[in-house]
Every structure is written in C-alpha cells, then in structure tokens.
Amino acid sequence: MEDQDKKLRVEIRPNGSLKLFGEFTLVLADGSTQTRDYASFCRCGLSKAMPFCDGYHKEVGWVEPQPEVPSTLKNKNKGIIPQTDQKNPEL
C-alpha cells in the first residue's frame, strides 16, 4: 500500500453510510481491536450488522435528517443571521 493510500479519508455518503478508507484501528464495544483499511459504518441505525452498514438504508429509503435552523436565527430577507461569541466578539 502506498503512503497516500494509508492516509485516512472519511466519506459521508448522502442518505447512506459513513465510509473510512486508509489504515486505522477500530476499537469495538467489547474492547477488541481490528486494524483495517476500509469500513462502512451505519448511520441509519437499522443495520443488522452494527456498527457496520449492511445496505438496509437503501431498502427502506432512509433519508438523513436535516438540521433545523432555529427561528431566532432566521431572517426572511437575508437567510441566517450570524451569531457572535459574547466573550470573543471578533469571532
């Protein structure tokens, strides 16, 4: 494997899984570890192979939730009103 292939790359697939490419160590819930160079993780919560994606999201037509913009941040003419950090107003 070339050095560039070893660099970790993460892809969030629209309405699908979270894919990792490149060398990484996965620590499972039981504490065991696996060294991998690819994995596809479930984001819909419906996989029967958790934490891995089994493609079930395609069968049920899962659509990822979209964040709601609080009404206090909406401005009908200008979109979203930026917030400032009260402690650091320049941010």
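**Aromatic contacts and a nonpolar surface patch**

In the predicted model, K48 lies over the face of Y56, at 4.7 Å from the ring centre. A charge is also placed over the ring of F21: the charged end of R9 sits 4.4 Å from the centre of that ring.

Two aromatic pairs are present in the structure. The rings of F21 and Y38 form a tilted pair, because their centres are 5.3 Å apart and their planes stand at 55 degrees. F21 belongs to strand β2 (residues 18-27) and Y38 to strand β3 (residues 33-41), so this pair ties together parts that are 17 residues apart in sequence. Both rings belong to partly exposed residues: F21 has a relative accessible area of 23%, and Y38 has a relative accessibility of 35%.

The rings of F41 and F52 are also paired, with 5.6 Å between their centres and 20 degrees between their planes, so the pair is stacked. F41 lies in strand β3, whereas F52 is found in the loop between β3 and α2 (56-60); the pair therefore ties together parts that are 11 residues apart in sequence. F41 counts as buried because its relative accessibility is 13%, under the 20% cut-off.

A nonpolar patch of about 270 Å² is formed on the surface by L8, V10 and I12. Of these residues, V10 is placed in strand β1 (residues 9-12). The relative accessible area of V10 is 47%, so V10 counts as partly exposed.

Key: Residues are numbered from 1 along each chain as its sequence is written. This is a predicted model: local features need pLDDT of at least 70, side-chain atom pairs count only at pLDDT 80 or more; totals for chains, interfaces and linings use all residues. Side-chain values use heavy atoms; hydrogens and water are left out. Patches are made of residues with over 30% relative accessible area and no salt bridge: like charges are joined within 9 Å, nonpolar side chains (Val, Leu, Ile, Met, Phe, Trp, Tyr) within 5 Å. Accessible areas come from the Shrake-Rupley method with a 1.4 Å probe; for residues, only the protein chains shown count as cover. A salt bridge is a side-chain nitrogen of Lys or Arg within 4 Å of a carboxyl oxygen of Asp or Glu. Helices (H or I, at least four residues) and strands (E, at least two) are DSSP runs, numbered from the N terminus. Buried means under 20% relative accessible area, exposed over 50%, partly exposed in between (1.4 Å probe, protein chains only). Rings of Phe, Tyr and Trp (its six-membered ring) pair if their centres lie within 6.5 Å; planes under 30 degrees apart count as stacked, over 60 as edge-to-face and the rest as tilted. A charge sits over a ring if NZ of Lys or CZ of Arg is within 6 Å of the ring centre and within 35 degrees of the ring normal.
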